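I opened this notebook page to record a few local features that I looked up one after another. The entries follow the order in which I went through them.

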Amino acid sequence: MSNSNLFESEKITRKRRIDPRLQQLGWTIMPYVLGLDTSALTHHAVEEYPTSNGPADYALFVEGRLLGILEAKKVTVSTMNTLEQAKRYAKGLVHSIGTWNGYMVPFLYSSNGEQVWFLDVRDGANLSRLLADFHSPHALKELFNRNFDIALKRLQQTPNDGEFMRPYQKHAVQAIEDAIAARKRKMLVAMATGTGKTFMAVNSVYRLLKAGVAKRILFLVDRKSLAAQTAVSFSAYATPAGNKFNQEYELFSQRFRREDFEEGDKFDINVLPNEYLTRPDATKTFVYVATIQRMAINLLGKAAVFTDDNNDSDQEDGDKLDIPIHAFDIIIADECHRGYTSQDASVWRTVLEYFDAIKIGLTATPAAHTVGYFGEPVSRYPIEEAILDGYLVDYNAVKINSGVRMTGVFLKEGEQVEKVNPQTGQLSIENLDDERAYDSTKVEREITVPDSNRKIIQEIARYALDFERERGRFPKTLIFAVNDVSHTSHAEQLVTLCKEVFNRGDDFVAKITGNPNVDRPLQKIKMFRNRPEPKVVVTVDMLSTGVDIPALEFIVFLRPVKSRILWEQMLGRGTRRCNEINKDSFTVFDCFDGTLIEYFKDVSNFKFEAPGTPTVPIEEIIRRIYNNEDRDYNVGVLVKRLRRIEKTMSAEARQDFAAFIPDGDIGAFANALPGLIRNDFGATMKLLNNKEFQRKLVAYKRPPQTFYIAREQEDTVYSEPVFSVGEKYLKPADYLTAFADFVKTHKAEIEAMKVVLERPHGWNTQVLRDLRKLLLQNHFQEADLRKAHNLVYHKSLVDIISMIKHADKKEPLLSVNERIDKAIDRVFGNQILDSAQQEWLAYIREHLVTNLTLEEEDFNDMPVFENHGGLGRFKKLFKDNYKVLINEINAAIAA
């Protein structure tokens, strides 16, 4: 705020700031005169309107009805508390169209021309709120005519029983509705990646529209591809009446291209007409799906568009529009955890705050800035709970130790290296005159060791080939690289190595990044998701969030990750179930010796993470110094920035700065700056405020970068699986020791273990289910235990009964096949069976190898039995003792 504003009177504020804003929205400003016929006032703001408690600054009339009181203050006065004065005037009105909690007018405003505070007094639970602007006469009329209480009552009377909705999704829908009923204006829903946030949100939107709680809903995402997916989800939604969503309500989107959609997607959604935004119509009910970038352009112009590193641009056809604040009743912001630059975060906040709407945030990973804006989640469904419920799969972990990744690179004197010019790609070979050391943070940024990357890929290939032999399919694999920059791309090096190591053709491996040299990346993502090839994809950030690849089974971290939110989002690529391949888990390869896994071991608990401190632009630091805003602190910040520039500037930059400071010596200028500010403030600020000087401080010339390829360097790479038990990650032998301790500690209190160890005649399907669930709840997955037994005891496919018996009393380990064969021999070994009975015994064995128990209902439910006559045929072959026989088989299995 300039110093001239300090002397601005309330009268000047009204004429210079408030009146123009009202007039722009369609209000006609007029003074009050005695005998004024207010019934003829259609869109008028009457100044100095009389009340028994004094004159109100503005009385807002719409179609002859007094709907609002506006209290004005001069620009230097904070206006939140001045609503109290508006309340006093509202209680002192003589002529009114109604009364609400003692107030004779429904809507109150206070403003200093910059801030606008608003309160709807019709419900005592409403709180005052800050608006981006005043309501127009049309908006105020619509707000007054809408009966929110009746709409809420309709909503509460509608059963929350949407078809295909899971319990936690219904809980989230109910939590949203409860928050709205409590007059909350912002709320947050946290649901683990892959648990159906969008489907839940579509159900919620339909219910809100059907009840009339909202008529115009904006669904915001942050990528155009996600907008396309969301639009398809809405259009595919089947309503309780048996219609498609857009047969009951209008559904709009921004403009898409065919390649934005999946193969086979039916897409008949219309592009939103601009007048739906610029002239909201109370008779229209619709949903608009758009990107936050598109709305930023519509509100602020193309200069506000977000930076886009994912080749998912959204700037082609957007224009700045004159949109009123009541254009939407509800805004749903999907993936609202996203971390942006400080500038982008400001735009994100501006877009959401512009509209006078209820805001609902959806996220898998609540961050501090998300919670700070939306509040604590009204509903949570964390990843750990989703895994226990069987809606997601957990991950196995493999630590890969690489000397280069952990300790960096040491180049000896005389060592031959390849030197790459990152700007041109020009390559030269030279022998080093002196030794050089690069710590691990500079690997793939300033130096690469091809041997290290090759050995890591070879180690991944070993696991992939073992997986293929065991499961009969090659695991879809996603590799996160450090970068994909021209001439020194880590991603491209990995793609080349993967093609060589796997040796399965050029289409077997693909790069999908935001680099312009990637042709149609969104189409490539769809191929990775839906087609047999590519099987291996290398990316940097593009596939880290918001992309569903259910068949993904290997995730490789060859880039360091510092953000907990990004880590969980990356893991979320693998947690989705894929019934087509019977996916029961996925594997994470930590190429930093397990340090990432160890650092993020609490990731499943949705911990809130503080975002990085936004970098304040250097021009803003200078403005604060000039305005004496915490001057000493900001001078210190500027000194640090200048010293940073000194360390990274080129000789050419020094010559550029010589036009402003002696010898272009930024370091000396930084050292002298505090004294210059104290002793010659005017001249120093004249220099700092020089726009060309500021431009050079931001865009100063850097020395050319050098990138080395150290082909003579050799890396030592080895790996070992690790298993999660709570917050610990254990080696296979230690994992089995922990399992044995668990069995011995709890065997007397757990019924399912008692059956296995003491009462084999109690063995049945329910006991097996209870046992598996219990082990999973205590971090012992059957698949992990089987893998650990194979690694430690070299015994493959060990069955769960053997695991427990061995853990308790070191009984011999049996594979599933061995246990079933022994059980069948124990029951039928002394019997003479005819050919039909022997044939059925083979069916029983086939069933038991997969299921480990036998129940009477299995004979009519399982295809292996049903296709051969079912229970009736079994009873005919094995006579009246078939029930006894089933019990004997189960007991023999557990014996």
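I began with proline 534, which I found in the loop between α17 (521-530) and β24 (536-539); helices (H or I, at least four residues) and strands (E, at least two) are DSSP runs, numbered from the N terminus. The bond that joins glutamate 533 to proline 534 is a cis peptide bond, with omega about 5°.

I noted for myself that the model is predicted, so that local features need pLDDT of at least 70 and side-chain atom pairs count only at pLDDT 80 or more, while totals for chains, interfaces and linings use all residues. Residues are numbered from 1 along each chain as its sequence is written, and side-chain values use heavy atoms, with hydrogens and water left out.

Next I turned to backbone angles, since most residues other than glycine have a negative phi, and most peptide bonds are trans. Arginine 183, in the loop between α5 (167-181) and β8 (186-191), has a positive phi near 65°. Its relative accessibility is 14%, so I entered arginine 183 as buried (buried means under 20% relative accessible area, exposed over 50%, partly exposed in between, with a 1.4 Å probe and protein chains only). Glutamate 444 also has a positive phi, near 75°, and sits in the loop between β20 and β21 (447-448); at 1% relative accessibility, glutamate 444 is buried.

I then went through the salt bridges, each being a side-chain nitrogen of Lys or Arg within 4 Å of a carboxyl oxygen of Asp or Glu, and the count by this rule is 57. Aspartate 19 pairs with lysine 15, with the closest N and O atoms 3.0 Å apart, and because these two are four residues apart in helix α1 (residues 10-24), about one helical turn separates them. Aspartate 19 is buried at 5%, whereas lysine 15 is partly exposed at 45%.

Arginine 216 and aspartate 329 form another salt bridge, their closest N and O atoms being 3.9 Å apart. This pair links distant parts of the chain, 113 residues apart, with arginine 216 in strand β9 (residues 216-221) and aspartate 329 in the loop between α10 (292-300) and β13 (330-333). I found arginine 216 buried at 1% and aspartate 329 buried at 13%.

Last, I checked for disulfides (a pair of cysteine sulfur atoms within 2.5 Å) and found zero. The sulfur of cysteine 591 is 11 Å from the closest cysteine sulfur, in cysteine 498, which is too far for a bond.
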